[in-house]
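Dear colleague,

I am writing to hand over a structure that may be new to you. Please find the sequence and the coordinates displayed directly below, followed by an account of the findings.

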Amino acid sequence: MKKLNDIIEILKKFSLFIGSNIEDIDIEEITYDSRNVKNNTLFFCKGLNFKEEYLLSSKETGAVCYVSEKKYDVDMPYILVNDIRIAMMEISRFFYDYPDRKIKTIGVTGTKGKSTTVMYIKNILDEYLRKNSKKPAGLISSIDVYDGISTIGASLTTPEAIDLYRYIKNAVDSGLEYMIIETSSQALKYYRINNLEFDLSLFLNIGEDHVSPLEHSSFDDYFDSKLKIFNNSKFAIYNKEIDFVDKVKSVIKDKNLNYMTFSNDDSSDISLVEYKFIDDVLDFSVKYEENVEEYKIHQYATYNIENAMAAILTAKYFGIDYESIYKGLINSEVDGRENILITNDEKYVLYVSYAHNELSFQKTYDFIKERFKNYSIISIYGISGNVAENRLNGLVKTSTKVSDYIYIVPEDSGYTSYDDISKKIINKISPITSNYMKMDDREEAIRYAFENSGDKTVIFIAGKGNEDFQKINGKKIKIKSDYQVAKEIIEDYNSRD
């Protein structure tokens, strides 16, 4: 519980307060969602699509005051602020008693590999914590949230500020020692997380993505948003070989941060020595402080070595022992992100991936060409209804360079018709190649591609991974996941022997 006057003082401290019409009252809950209002709730009116009816509903169910950038024609106490997003962020942190100061926080950002890296870090920490009879690490990712009380599916890569600080507060109250947070550019641009004090911030990579009127106005805006992760960090880790690395280094220098680096370059704090494929395991060794250490991961694509090195450095920073790191990595499963299924005779490979931007496509194709030399490549992908133009350009550019054939399929069309979406893709592909086909069903396309491909073919199925739904007109429509379809195809083919 907080006093409203104390909340107003926080707003004044950050020059956010404009005015109010209420004397002091007790606040027992804060929310931006009218469905979550309880007695004595402070309600935030935020978002371009906010409607006055949400405020009326909140009043009926227990809201005692609202925070907004404008006054509504509702007979209700109010606080007016000049920036609702920053106000919600600062009030959330205050309301939940600055929980980020009471737990070790790790922020992970990048265009590709965030979810995989946070799971590597969590599994390493969990191995170490379990060995020392302690509770597992907390997690906020695009896949799951674990806050010591419950595990729930995520709806945003990084949640809104109120949810974020509630999760961290729950973790503190539950006695957790670590919280790992997958940090999106949107969360940093729109002030969901900018005041959080990270013990360690990790920058994986940067690629052209998320540039659209609904996300970032330019690549510079996207990149600059991601770099904000260093604003309140105590330590930094970054990939020394990424594009525009000088800009990353400059920001870290300006913030006077101590840091470590990872890359294939042996001048980094940790660097790749060699790797090899052994059955379903990727075996690799790294150099760290003049020592060579060996690790194994079940994620077969070589680009995951970068994610693993980032996780290893994170663990080293927190003093985690080698055995815990080794076991944490080899026991890591990253649900729905990547599955490689190979027929017993090794004639066909079904590569099911969550890849959905140029960087992830390029790294996947690089791996396929390295691991499956002399195989034909068939690509199956689509785009969502609101995809940025630059993302579509990137997917087409990378896929047409290496694919022998491309199948265009539905993804999450949203409120846009699939016919309109497929026309956009075809308009980009057709000037480059005639080796493509539009199909109206993902499962049918995967099965058709398999049955009509020749020996020694990799079928790269991108965009959905293990997701068993499609978003159409605001609803989640149940489908068979790409992974399930691929698994059935492989099992059926192998049974023919």
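The following paragraphs describe a sheet, the helices beside it, several individual residues, and the region named in a database record. Please note that this is a predicted model.

**The open sheet**

An open sheet is built from 11 strands with mixed pairing. Their order is β11-β10-β9-β12-β8-β13-β14-β15-β16-β17-β18. The edges are taken by β11 (151–153) and β18 (291–297); each has a single partner strand, so one side of each is left without a neighbour in the sheet. On average, and ignoring direction, neighbouring strands are turned by 20° against each other.

At one of these edges, β10 (residues 144–146) pairs with β11 in the antiparallel sense, over three bridges. Within this pair, D144 is positioned opposite G153 of β11.

Two helices that pack on the sheet may be described here. Helix α4 (residues 114–131) touches β8 (104–109), β9 (138–140), β10, β12 (178–182), β13 (200–203) and β18. The direction of α4 makes about 170° with that of β12. Helix α8 (residues 245–254) also packs on the sheet, where it touches β13, β14 (235–239) and β15 (258–263). The angle between the directions of α8 and β14 is about 175°.

**Helices α7 and α5**

Which residues of helix α7 (residues 219–227) are buried? They are F219, Y222, F223, S225, K226 and L227. The elements covering them include β8, α4, α6 (185–189), β13 and α8.

Helix α5 (residues 161–173) offers a check on its length. At 1.5 Å a residue, its 13 residues should span 18 Å, and the end C-alpha atoms are indeed 18 Å apart, so the two values agree. The buried residues of α5 are A161, I162, D163, L164, Y165, Y167, I168, N170 and A171. After α5 comes G175, which has a positive phi near 85°.

**Residues in loops**

N205 lies in the loop between β13 and α7. Is N205 buried or exposed? Its relative accessible area is 6%, which is under the 20% limit, so N205 counts as buried. Apart from neighbours within four places in sequence, N205 is in contact with G110, T111, K112, I242 and L359. Two of these contacts involve backbone nitrogens: the side chain of N205 reaches that of T111 at 2.9 Å, and a polar atom of the N205 side chain lies 2.9 Å from that of K112. The C-alpha atoms of N205 and F244 are separated by 9.3 Å, although the two residues are 39 residues apart along the chain.

S268 is located in the loop between β15 and β16 (270–278). With a relative accessible area of 8%, S268 is buried. Leaving aside neighbours within four places in sequence, the residues in contact with S268 are K240, T261, F262 and S263.

Two further loop residues have a positive phi without being glycine. For Y98, in the loop between α3 (84–95) and β8, phi is near 50°. Y98 is partly exposed, at a relative accessible area of 23%. For N256, in the loop between α8 and β15, phi is about 55°. N256 is exposed, with a relative accessible area of 69%.

**The region from the record**

UniProt, in an unreviewed entry, places the feature "domain: Mur ligase C-terminal" at residues 345–465. This span is 41% helix and 20% strand, and its end C-alpha atoms lie 24 Å apart.

Why is strand β24 (residues 457–461) described as largely enclosed by the rest of the structure? Five of its five residues are buried, so the description follows. In a regular strand, side chains alternate between the two faces of the sheet. In β24, T457, I459 and I461 are on one side and V458 and F460 on the other, and both faces are covered.

Strand β24 pairs with β20 (residues 348–353), running parallel to it over five bridges; here V352 has I461 as its bridge partner. Strand β21 (residues 376–381) likewise pairs with β24 in the parallel sense, over five bridges, and S379 stands opposite F460.

Yours faithfully

Note on methods:
Residues are numbered from 1 along each chain as its sequence is written. This is a predicted model: local features need pLDDT of at least 70, side-chain atom pairs count only at pLDDT 80 or more; totals for chains, interfaces and linings use all residues. Side-chain values use heavy atoms; hydrogens and water are left out. Two strands pair if DSSP finds at least two bridges between them. Helices (H or I, at least four residues) and strands (E, at least two) are DSSP runs, numbered from the N terminus. Axes are lines fitted to C-alpha atoms, for helices over the stretch in contact, and angles run from 0 to 180 degrees between N-to-C directions. Contact means heavy atoms within 4.5 Å. UniProt positions are given in the numbering used here, feature names are shortened, and annotations may be inferred rather than shown by experiment. Buried means under 20% relative accessible area, exposed over 50%, partly exposed in between (1.4 Å probe, protein chains only). A polar contact is a pair of N or O atoms within 3.5 Å; within protein, one must be able to donate a hydrogen and the other to accept it, and residues adjacent in sequence count only if both atoms are side-chain atoms. The expected span of a helix is 1.5 Å times one less than its number of residues.
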